[in-house]
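Visitor: I am new to reading protein models, and I would like to take a close look at one part of this one. Please take me through it slowly, and then onward to other places that help me picture the rest.

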Amino acid sequence: MNKIKKIYFFLILGTLTFGCDNYLDVNVDPTLKPDATVQELLPTAQFYVSEASYQQAYYACQYAQQISSNLGTNGTDTYAESENAIGWSNFYLYVVPQLNTIILKGKTDDIPAYTGIAKTLMAYGLGLATANWENIPFSQADQEPKNFQPGYDSQQEIYNSIQKLLDEGITDLAKNTGAKPGTDDLIYGGDLGKWTRLAYSLKARYLMHLSAKNPKQTADNALLALQNGMKSNADDFQMPYNTKNLSPWYSRVALANSTGNLSVTYGSTFVDLMNGKVQGITDPRLSKVVTLKTGQTAYNGVFPGSNAGSTVDFTVKSWHSSITSPVLLMTYAEVKAIEAEARFLSGNGTFTSKGSTENAHLAYLEIARANMVKLGVADADITTYLTSAAVNVGASQLTLLHILREKYKAMFLIGDIWTDLRKYDYWDFPLPQNMNVELGGKRIQRMKYPSSELTRNSGNAEANSKTPETSMWYIAK
């Protein structure tokens with residue numbers, strides 16, 4: 001067993017029971033058994049999907065200025081290049097092989113519920129990976145005979161594969177044959193309706209990644225998919241944690257910060273959108289999401305790249321980083337943001353234009369409402385916020401920036417928000433202090449391939465490597 005696999009073997013034994021002891025026995029990792037069942041494989045694959053999501057968000061949300069480094073003036077928030085090596089390993093050593101095995105076993109045993117879930121998870125994982133690194137191995141990855149130097153698919157091919165997987169997953173989920181998941185499904189508990197709504201929602205997310213190429217047609221296709229997408233917060237795609245299986249934002253960030261092992265804290269760009277400096281109204285989510293330092297009364301985050309100015313702490317008391325906080329992968333609030341953006345673009349709106357339809361405006365307001373309900377904001381505070389002149393701007397005054405700001409807040413610690421930042425040229429965000437000089441004053445656009453990949457698959461990795469400021473295919477018009 002190689003070193004990385006040993007690390008995650010013990011990680012999964014130590015942290016992943018989730019009430020499914022029969023699936024993840026304390027003495028053996030079922031994914032190492034050649035006869036592992038789909039019931040054993042599914043929760044493990046879901047765990048590593050969540051791990052890959054956390055790892056992406058840890059870096060991407062620093063580039064997106066939601067969080068900032070607590071370690072000095074040379075952190076990731078200066079647009080320093082990140083390998084995200086653990087995220088790569090999670091995906092290629094665990095997620096892809098396990099999901100491929102589920103798909104193969106599912107076809108053989110005629111259990112389409114499992115293949116549908118696996119294809120949906122695979123599509124999500126591919127979206128995660130291509131947003132990080134652009135061109136990535138897929139069609140030649142984890143194939144027989146084993147190929148330890150798989151070729152890379154272009155980003156265009158990856159997006160085509162994502163849509164194909166989701167279409168196939170939707171078809172499989174609609175079938176009514178074979179075994180169905182139950183407690184082995186850690187995310188939706190075997191509710192295939194929720195998996196289907198997720199698949200349609202992901203279709204819309206990844207269609208809208210490409211909206212720079214053909215805005216109106218892409219938006220119309222996304223709106224068509226959303227007709228069957230998430231309907232409420234109850235459909236949220238998230239990994240639950242508990243007091244035995246600790247949320248990574250708690251155990252690796254908030255708890256570490258409290259013991260002096262500093263990592264990241266809240267960024268000023270995010271906090272200033274919440275504290276009234278930008279919108280002219282204090283967002284009632286602020287005290288639920290952000291924790292003040294002892295003795296402080298004003299909320300201020302770290303300006304990116306400065307390691308200075310913070311009056312807040314990323315602590316165990318915050319909604320996203322308590323011991324049982326879920327890792328959020330996609331939420332109903334994001335779906336409403338996708339709808340609002342798609343309706344805006346469908347009417348030929350642009351980033352600099354103003355005005356859209358009443359339905360676009362209603363979807364925009366629903367972004368904040370849905371997220372506030374999820375976070376437990378009082379009804380009266382929700383009403384005050386949504387009826388304020390600063391937020392309830394009316395359809396004729398609505399802009400993409402209004403929509404994107406609400407999406408940005410609702411997608412705190414969901415790494416896909418970095419895609420929107422890059423697609424719209426980082427909006428009105430400031431450049432970091434102590435910015436990575438290798439970028440030549442430009443914004444960072446990608447993560448770099450891990451050193452392990454450059455060693456093991458050097459020819460393909462080097463052929464697909466690009467400088468960090470080079471835009472990805474998905475935003476090239």
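Which side chain is joined to that of glutamine 279 by a polar contact of 3.4 Å?

Guide: Please keep in mind from the start that this is a predicted model. The side chain you ask about is that of tyrosine 385, which a polar contact of 3.4 Å joins to the side chain of glutamine 279. Glutamine 279 itself sits in the loop between helix 9, residues 268–274, and helix 10, residues 286–289. A second polar contact, of 3.3 Å, links the side chain of glutamine 279 to the side chain of glutamate 406. If we set aside residues up to four places away in sequence, glutamine 279 touches Leu273, Tyr385, Ala390, Glu406 and Lys409, so both of its polar partners, Tyr385 and Glu406, appear in that list of neighbours as well. As for accessibility, glutamine 279 has a relative accessible area of 14%, and it counts as buried because this value is under the 20% cut-off.

From here we can move to threonine 399, which lies in the loop between helix 13 (379–387) and helix 14 (400–410). The side chain of threonine 399 makes a polar contact of 2.9 Å with the side chain of histidine 402. Leaving aside neighbours within four places in sequence, threonine 399 is in contact with Phe344, Ser353 and Lys354. Threonine 399 is buried too, with a relative accessible area of 15%.

A polar contact of another loop residue is found at glutamate 83, in the loop between strand 1 (67–69) and helix 3. Here the side chain of glutamate 83 meets the side chain of serine 451 in a polar contact of 2.5 Å. Apart from its neighbours within four places in sequence, glutamate 83 is in contact with Trp133, Lys448, Tyr449, Pro450 and Ser451. With a relative accessible area of 23%, glutamate 83 is partly exposed, and its C-alpha is 25 Å from that of leucine 246, a residue 163 places away in sequence.

Proline 137 belongs to the loop between helix 4 and helix 5, and at 2% relative accessibility it counts as buried. Not counting residues up to four places away in sequence, proline 137 touches Trp88, Tyr92, Pro150, Gly151, Tyr152, Asp153 and Glu453. Glutamine 149 is 12 residues from proline 137 along the chain, and the C-alpha atoms of the two are separated by 9.1 Å.

Helix 3 is also where leucine 99 is found, and leucine 99 is buried, with a relative accessible area of 0%. Beyond its neighbours within four places in sequence, leucine 99 is in contact with Ala45, Ala118, Leu121 and Met122. Arginine 456, by contrast, is 357 residues from leucine 99 in sequence and 23 Å from it in space, taken from C-alpha to C-alpha.

The next feature to consider is the second largest pocket, which has a volume of about 490 Å³. Its lining is made of 17 residues, and those nearest its centre are Asn100, Thr101, Ile103, Asp142 and Gln143. Helix 3 (85–109), helix 4 (112–133) and helix 5 (155–173) are the elements that give two or more residues to this lining, and the largest share, six residues, comes from helix 3. Sorted by kind, the lining residues divide into six nonpolar, four polar and seven charged.

Two loop residues deserve attention for their backbone angles. Aspartate 110, in the loop between helix 3 and helix 4, has a phi near 55°, which is a positive value in a residue other than glycine. Tryptophan 427, in the loop between helix 15 (417–423) and helix 16 (451–456), likewise has a positive phi, of about 50°, although it is not a glycine. Aspartate 110 is partly exposed at 45% relative accessibility, whereas tryptophan 427 is buried at 10%.

Last comes the largest nonpolar core, which has 144 residues, with Trp195, Phe237 and Trp249 making the most contacts inside it. Helix 2, residues 38–63, gives the most to this core, with 14 residues. Phenylalanine 237 has contacts that include Leu121, Tyr124, Trp195 and Met330, when neighbours within four places in sequence are left aside.

Conventions. Residues are numbered from 1 along each chain as its sequence is written. This is a predicted model: local features need pLDDT of at least 70, side-chain atom pairs count only at pLDDT 80 or more; totals for chains, interfaces and linings use all residues. Side-chain values use heavy atoms; hydrogens and water are left out. On a 1 Å grid over the protein atoms alone, a cavity is a set of points where a 1.4 Å probe fits but cannot get out, and a pocket is an open set with protein on both sides within 12 Å along at least five of seven lines; lining residues have an atom within 4 Å of a point. Grid points are joined across faces, edges and corners, and a volume is the space filled by probe spheres set on the points. Helices (H or I, at least four residues) and strands (E, at least two) are DSSP runs, numbered from the N terminus. Ala, Val, Leu, Ile, Met, Phe, Trp, Tyr, Cys and Pro count as nonpolar, Asp, Glu, Lys and Arg as charged, and the others, Gly among them, as polar. Buried means under 20% relative accessible area, exposed over 50%, partly exposed in between (1.4 Å probe, protein chains only). A polar contact is a pair of N or O atoms within 3.5 Å; within protein, one must be able to donate a hydrogen and the other to accept it, and residues adjacent in sequence count only if both atoms are side-chain atoms. Contact means heavy atoms within 4.5 Å. A nonpolar core is a set of buried Ala, Val, Leu, Ile, Met, Phe, Trp, Tyr and Cys residues joined through side-chain atoms within 4.5 Å.
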